[in-house]
Amino acid sequence: MPTTRPGQPAIRSFADGPDTGPRRLDPRARVLAAVAFAVAVVALNGLPALVASVGVAFGLAVWARLPLRETAKRVAAMDGFILLTLVMLPFTTPPAAGTEPLFTLWGLPASREGLEHAVRIALKANAVILALLALVGTMRETVLGHALGRLGVPAKLVTLFLMTVRYIEVLHAEYGRLRWAMKARGFRPRTDLHTLKSLGHLVGMLLVRSLERSERVLAAMKCRGYTGRLPLLDTLRAGPADWAFGTAAAIACVLLVAADRLA
Amino acid sequence: MSLFALSDIRFAYAARPAVLDGVSLRLDAGERLALVGDNGAGKSTLLSLMVGLLKPSGGTVEAFGRARVTEADFAEIRPRAGLVFQDPDDQLFCPTVAEDVAFGPLNTGASRAEARRIVSDTLNGLGLAGFEDRVTHHLSGGEKRLVSLAAVLAMQPEALLLDEPTNALDAKARARLIEVLSGLPQAMVIVSHDPEVREALATRAVLLESGRVADEYPL
């Protein structure tokens, strides 16, 4: 478990970067473009189109002026998740009938088809994550909630999302304070029963506190006439630049898929 | 006119001895009543009972002219009673200040345009002009306190029930809050350990001790 200082934010988005590129566009246009791009990329088959889509995503990241180190860290975190799959694929995919295996490792044959499959997945995943970071990662979480609400995502999900965003910070701060208090009394995580027990208490205490807090929050909401509907007050307005961006994104997605199908 | 009249209220949390054992209390219009008592004496519990977040095991709660028993009774009076919670983080749950302040008015039937007007009026009135788009969890402790007060005032309550309003505030923020509160027309119940707060605000004080309200307590 990482030790965090109290006061460090739990969610770190790229929203605070330079106010240029996608940060100036309507969040709804960015969410829609990111979703459309993801769908298009997933539908691609050929390597040239996939490489092109990574190029597009990279272009978006540069356009958004994402910080290199932090972005690389996040992309690497996602790659870590799929690494095992990628490594296994050449060995688990049978080669096409009548072809030789590409190579053998400790007596295990690796197929060309499996390797291609792995490369495709890696390209798709990286293109989508980069585009998401550039378009959606550059907006404040609450703005994302508003955009989703205005795009017709069910109100319950939007409420859930916004409440999570709001209280993850509070819980994170509570966790940080508890960890500090443990440290102040000489606690250092080791591989022993005492450590496991103490961390168990920490998690248990966080759960109890969260439950109690959620009850107080609901009580406070009731005091202000809450009846189950969270009203959203937002100032989202789409201008010509947003429509232009949306159109360009749509054309780019169609071009990618068309080029892939015709190749 | 009496805004609240509690008589012979009894209450106990599950499997614990009674916290309140026959409490009677009145709050009249224009009054600022300080509620004094040790930790665990039941001060916050009493405020929760007044707005029906908890239900007493005995006694009656009369609010705004009639007895209140059911959830529907209390749902009607909560926006009028103005309970301000001890921890602003319990109360400020919306992403932005404007949304939080607008939450009450929108619930009680204001249109979006009206809500926006109420938000800017309320924030201006508390010296918080320009706070609309601030993110609630990034506010300082004193700002959170004032915004949570604004969120309650936006419903134009007839009373304010304040639970430790100066808790965890520094001297400057506390002075500012006292100044704001002393300028408000609402009748108040103020739960506070802080003698300065009582001195500056209260018109009357009572002591909650061993489950009962003792008579007048010196200010």
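What follows is a short back-and-forth about a predicted model of two chains, A and B.

User: How do you know how far to trust chain A in this predicted model?

Analyst: Go by the predictor's own confidence: the mean pLDDT of chain A is 82, and 95% of its residues reach 70 or more. The weak spot is residues 1–6 of chain A, where the pLDDT is below 50. Beyond near neighbours in sequence, that stretch has 15 contacts in the model.

User: What makes up chain A, going from the N terminus?

Analyst: Chain A has eight helices and two strands, and the order is α-α-α-β-β-α-α-α-α-α. Of its 263 residues, 38% count as buried. As for contacts in chain A between residues at least 6 apart in sequence, 77% join residues at least 24 apart.

User: How do you know that chain B and chain A touch, and how many residues take part?

Analyst: Contact here takes heavy atoms within 4.5 Å, and by that rule 30 residues of chain B are in contact with 28 residues of chain A. The two chains bury about 2,700 Å² between them, with 59% of it on carbon and sulfur atoms.

User: Why is that interface described by an area?

Analyst: Because the size of an interface is often given as the accessible area lost when the parts come together.

User: What makes R216(A) and D90(B) a salt bridge?

Analyst: The cut-off is a Lys or Arg side-chain nitrogen within 4 Å of an Asp or Glu carboxyl oxygen. For R216(A) and D90(B) the closest N and O atoms are 2.5 Å apart, so the pair qualifies. The count between chain B and chain A is five salt bridges, against 29 over all chains. R216(A) and D90(B) also belong to a network of salt bridges that links them with E174(A), R177(A), R213(A) and D87(B).

User: What else crosses the interface, and which parts of chain B supply the touching side?

Analyst: The rule finds 11 residue pairs in polar contact across the interface, both partners at pLDDT 80 or more. On the chain B side, α2 (71–81), α3 (88–91), α4 (97–107) and α5 (112–125) each supply at least two residues. The largest share, eight residues, comes from α4(B). By class, the side of chain B that touches chain A has 16 nonpolar, five polar and nine charged residues.

User: Why do R117(B) and D121(B) count as a pair, and how far apart are they in the helix?

Analyst: Their closest N and O atoms are 3.4 Å apart, and the limit is 4 Å, so this is a salt bridge. They sit four residues apart in helix α5 of chain B, which means a separation of about one helical turn. R117(B) has 47% relative accessibility and D121(B) has 42%. Partly exposed covers the range between under 20% and over 50%, so both residues land there.

User: How do you know that E71(B) and K55(B) link distant parts of the chain?

Analyst: Look at where they sit. E71(B) is in helix α2 of chain B, while K55(B) is in the loop between α1 (43–50) and β4 (58–63), 16 residues apart. Their salt bridge has its closest N and O atoms 3.4 Å apart. E71(B), at 35% relative accessibility, counts as partly exposed, and K55(B) is partly exposed too, with a relative accessible area of 38%.

User: Why is T166(B) called buried?

Analyst: Its relative accessibility is 9%, and buried means under 20%, so the label fits. T166(B) lies in the loop between β7 (159–163) and α7 (171–182) of chain B. Beyond neighbours within four places in sequence, T166(B) is in contact with R174(B), L177(B), S192(B), D194(B) and V197(B). With D194(B) there is a side-chain polar contact of 3.5 Å.

User: What makes P95(A) neither buried nor exposed?

Analyst: P95(A) has a relative accessible area of 36%, which is not under 20% and not over 50%, so it is partly exposed. P95(A) sits in the loop between α3 (68–92) and β1 (103–105) of chain A. Leaving aside neighbours within four places in sequence, P95(A) is in contact with S111(A) and E113(A). The C-alpha atoms of P95(A) and A110(A), 15 residues apart along the chain, are separated by 7.8 Å.

Terms used. Residues are numbered from 1 along each chain as its sequence is written. Chains are lettered from A and ligands numbered from 1 in the order in which they are written. Side-chain values use heavy atoms; hydrogens and water are left out. Buried area is the accessible area (1.4 Å probe) that two parts lose on being put together, summed over both. A polar contact is a pair of N or O atoms within 3.5 Å; within protein, one must be able to donate a hydrogen and the other to accept it, and residues adjacent in sequence count only if both atoms are side-chain atoms. Ala, Val, Leu, Ile, Met, Phe, Trp, Tyr, Cys and Pro count as nonpolar, Asp, Glu, Lys and Arg as charged, and the others, Gly among them, as polar. pLDDT is the predictor's confidence in each residue, from 0 to 100. Buried means under 20% relative accessible area, exposed over 50%, partly exposed in between (1.4 Å probe, protein chains only).
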